[in-house]
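Here are my notes on the charged surface and the nonpolar interior. Please read them with the structure open.

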Amino acid sequence: MEEKNRLVRALGLRESIGMTIGTVVGVGLFTCGSAQVGLVGPWIIVLTAVSLLISIWPCLIYGEMSAALPCAGGTYNYAKRGLNRVWANIAGWNYIISVIGIGAGETLAFANYFTILFEQFGINLSVVDPRIIAMTLVTIFLVLNLLGIKFSGKAQTGFIFFFWGCAIAWFLYMIPHVHLEYFGGFTMDKLPPFRELMYILGLVWWCYTGFETCCSMGAETKFPQYTLPRALKLSVFLVFVANALFQWFLVALVSPEKYGLLALADAPYAEGLKAMGLVGFPVILLCIGIAFGGDLSTINPGIAAPARYIFTMAEDHTLPAIFAKIHPKTKTPYIALIFVGIVNYILIGTGSINYIASVSLFSLALCYMIGCAAYLGLKKNYPDMKRPYKAPHGTLGCIVTFVTYTALLPFVEYAASITGLIVCALAALYYFIFTRRHENKIPSLEEEIGEIDEPTAEEKAKIDREYTIWKWGTIIATVISVGIYFIPMIFG
């Protein structure tokens with residue numbers, strides 16, 4: 001690859017965590033995921049805990065692969081070397097569709113919370129089609145990403161810290177309004193039938209998907225052999241923290257009599273507060289945090305990450321070569337970014353967050369299954385590959401993850417499953433018609449990854465200190481998030 005066409009390594013641990021959490025914490029938690037409280041009540045935390053358990057091992061497995069192969073394209077590159085180009089192509093297409101879907105769904109979620117925010121000031125935006133608001137937002141973030149990864153990475157950190165600042169302020173403000181007795185208002189015999197429960201679990205697990213975002217930007221990460229595994233290990237628990245805390249407050253604030261409203265709401269948190277008469281400042285603070293923190297932090301990587309997949313696949317002749325163009329000044333794959341924006345407009349045009357969520361769920365589950373198979377293939381095909389980080393019992397983790405995600409797929413919404421299968425068929429068909437005729441020689445690791453610098457002693461000490469701070473902050477936050485669920489048992 002010519003030097004002028006290389007991506008630049010500008011993302012550190014903070015930005016990698018920000019990009020990953022931003023992709024994950026957003027439309028799932030604040031729309032589809034939280035709406036499930038209306039169907040399972042306080043049992044939402046059990047489903048959230050199960051979702052965490054089935055996400056930890058894949059994160060560690062991806063940590064090993066990303067440290068060994070720190071290049072753009074994540075699963076696509078792992079599958080290319082561990083399996084073959086056909087499966088790599090299928091994984092790439094599914095990831096692109098699913099993450100663009102997350103971003104598109106997020107813009108629609110932003111439009112809903114944005115509209116409710118203005119309602120609190122007496123301004124009626126319901127006459128404005130939410131798709132117009134969503135498309136406008138995509139355009140803004142398309143420009144942001146075209147300015148360069150360093151710029152968008154810093155913006156991402158700002159969105160994340162703004163979100164958590166608003167979230168903590170909202171938690172503290174709402175404490176006097178919680179009702180611990182609501183945690184006992186929903187018994188096991190009221191849970192939905194098994195098939196529906198599995199569908200709900202899938203939507204809650206979707207609140208954890210997207211953890212591969214930092215892997216897709218491996219070519220733009222500083223000291224990826226350390227940064228990527230650490231970002232993955234921390235991010236999955238920080239996602240649990242966000243889900244557990246917000247779900248606790250939703251259960252504690254909304255009485256079981258209002259669960260029917262939550263199950264159908266496009267903005268469950270805001271609608272739940274309004275139903276309980278908690279209007280004005282509580283809704284304003286909530287909507288500001290969700291819309292300008294949570295939603296914006298998801299839209300940003302929702303555009304950036306799939307563009308890196310498209311860029312990598314174009315370099316491999318899996319997609320048209322034009323998508324491999326890098327802007328000479330900003331060093332961004334600008335054609336790929338513009339294409340992602342266009343696909344966003346198309347998905348937003350459907351206007352359905354639930355459909356987009358279900359398609360994304362199916363595609364990401366399949367992508368991660370291919371990723372697990374690629375992990376096993378890499379161990380076989382490249383036994384001597386340098387692996388700076390090794391996932392504990394990685395082979396067993398791949399088998400368990402593959403079986404678990406396979407069990408989830410039959411319960412995905414039927415229309416979304418058909419869409420996902422069509423994407424797979426088109427990806428395979430495209431490969432056999434257009435891609436196979438190109439030379440399929442896989443470049444050496446040195447050619448594809450380039451020289452990976454080792455940090456100096458001073459730099460290593462600095463990144464270790466940063467990781468230690470993040471690690472202990474994550475541990476404390478996780479303990480608090482689990483601990484608050486014992487409060488209703490003690491004082492309720």
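1. Lys 150 is exposed, because its relative accessibility is 55% and the cut-off for that class is over 50%. Lys 150 sits in helix α8. Bear in mind that this is a predicted model.

2. Lys 150 belongs to a positive surface patch, together with Lys 154, Lys 222, Lys 462 and Arg 465. At least two residues of the positive patch come from α8 (149-174), and at least two from α20.

3. There is also a negative surface patch, made up of Glu 451, Asp 453, Glu 454, Glu 458 and Glu 459. Where is Glu 451 placed? Glu 451 lies in the loop that runs between α19 (445-449) and α20 (457-483). With a relative accessible area of 69%, Glu 451 is exposed.

4. Turning to the interior, the largest nonpolar core contains 166 residues. Tyr 113, Trp 170, Phe 246 and Tyr 269 have the most contacts inside this core. Which helix gives the most to this core? Helix α11 (residues 224-253) does, contributing 19 residues. Another core, of 5 residues, lies apart from it; Met 19, Ile 149, Met 217 and Ala 304 are among its members.

5. Tyr 269, one of the residues with the most contacts in the largest core, is a buried residue of helix α13 (residues 268-275). The other buried residues of α13 are Pro 268, Ala 270, Gly 272 and Leu 273. After α13 comes Gly 277, with a positive phi near 80°.

Note on methods: Residues numbered from 1 in each chain as written. Predicted model: local features only at pLDDT ≥ 70, side-chain atom pairs only at ≥ 80, totals over all residues. Heavy atoms only, no water. Buried < 20%, exposed > 50% of the residue type's maximum accessible area, 1.4 Å probe, protein only. Helix = DSSP H or I, 4+ residues; strand = E, 2+ residues; numbered from the N terminus. Patch = residues over 30% accessible without salt bridge, like charges linked within 9 Å, V, L, I, M, F, W, Y side chains within 5 Å. Areas by Shrake-Rupley, 256 points an atom, 1.4 Å probe, with all protein chains shown as cover. Salt bridge = Lys/Arg side-chain N within 4 Å of Asp/Glu carboxyl O. Lys, Arg positive; Asp, Glu negative; His and termini not counted. Charge placed at Lys NZ, Arg CZ, Asp CG, Glu CD. Core = buried A, V, L, I, M, F, W, Y, C linked by side-chain atoms within 4.5 Å.
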